[in-house]
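Trainee: I am new to this structure and would like a close look at a single part of it, with enough of the surroundings to place that part. Could you take me through it slowly?

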Amino acid sequence: MCQKLTKTSTGPNLKGNVGRALSATPLYEQVRERVMHLILDGTWPEGHILPAETELARQLGVSFGTARQALQILTKEGVLLRKPRIGTIVTGRTPHHTLDRFYKHYRLHNTKNELINTQTVVKSVQIRPATDDEIRCFRSNKAIDVISLVRVRKHNARPVMIDHFSIPEHLVPGFPRVPGDVPALLLGHLRDEYGLRIRAVREALRADIATSEDMSLLDLSVADGPTAVLVIDDICFDSKNQALLKASHRALSDDYRYVNEVQ
């Protein structure tokens with residue numbers, strides 16, 4: 001059963017919303033986002049047949065035309081496929097390369113090529129001087145301080161990825177200093193709280209041997225010998241090509257894959 005979309009006096013809003021619904025967000029986009037959420041969290045897996053458009057519209061509390069418009073967009077993106085005499089089915093493909101998905105989901109899959117959802121645990125937040133590499137990245141002509149953030153992502157209670165973030169401190173005044181106060185959707189928080197909207201992301205992938213920190217945070221055993229980890233280095237830019245955030249993600253590679261689909 002879908003959760004109903006409603007219009008309020010402040011504009012359209014999504015009950016049980018995935019993210020914060022903005023008053024300027026068209027209702028069909030909220031329907032699209034709700035359907036995407038059901039797919040991404042595994043409620044509607046690959047091969048699932050969606051309710052008929054009239055039934056979907058009824059469940060969501062929107063018009064038939066609104067539901068159809070949302071499904072047409074998802075079909076064009078390759079997320080859904082319309083089959084005669086069968087209906088609309090989930091293809092198993094999702095546009096993970098889009099920044100919309102980048103804000104909400106990291107593209108870590110299991111060996112069955114299924115997108116996994118992770119729970120985020122913030123391990124530490126500190127203010128420290130930027131390294132020389134960070135100063136070059138942020139194009140600063142003087143020494144600056146950065147917010148340094150370390151998180152662990154868990155899948156079914158198993159640590160699978162470590163996130164290291166650095167953000168120029170002057171861009172995020174009042175950023176939470178207590179790990180438990182840091183929002184799980186970090187990029188969405190930077191956008192909504194500080195107006196730091198990411199327009200481009202540069203990624204570099206490499207392999208590495210687990211460090212002592214990796215061994216500890218990923219619950220790896222020394223007795224198992226050297227362990228390989230996948231490293232994804234990110235730099236996030238605004239519309240003026242100014243770096244806003246530098247990140248490095250270190251993930252287990254035995255049962256997990258990083259997928260970036262380009263259409």
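Mentor: A residue is called buried when its relative accessible area is under 20%. By that measure, in this predicted model, buried residues make up 44% of the 263 residues in the chain. The chain holds seven helices and twelve strands, and it exposes about 13,600 Å², of which carbon and sulfur atoms supply 50%. Among the contacts with a separation of 6 or more, 60% are between residues 24 or more positions apart.

The part to look at closely is the open sheet of six strands, whose order is S6-S7-S8-S11-S10-S9, with antiparallel pairing. At its edges lie strand S6 (119-129) and strand S9 (200-209), each of which pairs on one side only. From one strand to the next, the twist averages 15°. Helix H6, made of residues 186-194, packs on this sheet and touches strand S7 (145-155), strand S8 (158-168) and S11, while the direction of H6 makes about 165° with that of S11.

Within the sheet, it helps to follow one pair of neighbours. Strands of a sheet pair through backbone hydrogen bonds, either parallel or antiparallel. Strand S10 (residues 228-237) and strand S11 (residues 243-252) run antiparallel and are joined by nine bridges; as a place to start tracing that pairing, Val-231 stands opposite Arg-250 in S11.

The cysteines deserve a careful look as well. Cys-236 is buried, with a relative accessible area of 1%, and Cys-137 also counts as buried because its relative accessibility is 13%, below the cut-off of 20%. A disulfide would need the two sulfur atoms within 2.5 Å, but the sulfur of Cys-137 is 9.4 Å from the closest cysteine sulfur, that of Cys-236, and is therefore too far away for a bond. Cys-236 is likewise in no disulfide, and the count by this rule comes to zero disulfides.

For the surroundings, turn to helix H1 (residues 27-40), whose 14 residues should span 20 Å at 1.5 Å a residue; the end C-alpha atoms of H1 are 20 Å apart, so the two values agree. H1 is mostly covered, with eleven of its 14 residues buried, including Leu-27, Val-31, Arg-34, Val-35 and Leu-38. Just after H1, Gly-42 takes a positive phi of about 90°.

Methods. Residues are numbered from 1 along each chain as its sequence is written. This is a predicted model: local features need pLDDT of at least 70, side-chain atom pairs count only at pLDDT 80 or more; totals for chains, interfaces and linings use all residues. Side-chain values use heavy atoms; hydrogens and water are left out. Two strands pair if DSSP finds at least two bridges between them. Helices (H or I, at least four residues) and strands (E, at least two) are DSSP runs, numbered from the N terminus. Axes are lines fitted to C-alpha atoms, for helices over the stretch in contact, and angles run from 0 to 180 degrees between N-to-C directions. Contact means heavy atoms within 4.5 Å. The expected span of a helix is 1.5 Å times one less than its number of residues. Buried means under 20% relative accessible area, exposed over 50%, partly exposed in between (1.4 Å probe, protein chains only). Accessible areas come from the Shrake-Rupley method with a 1.4 Å probe; for residues, only the protein chains shown count as cover.
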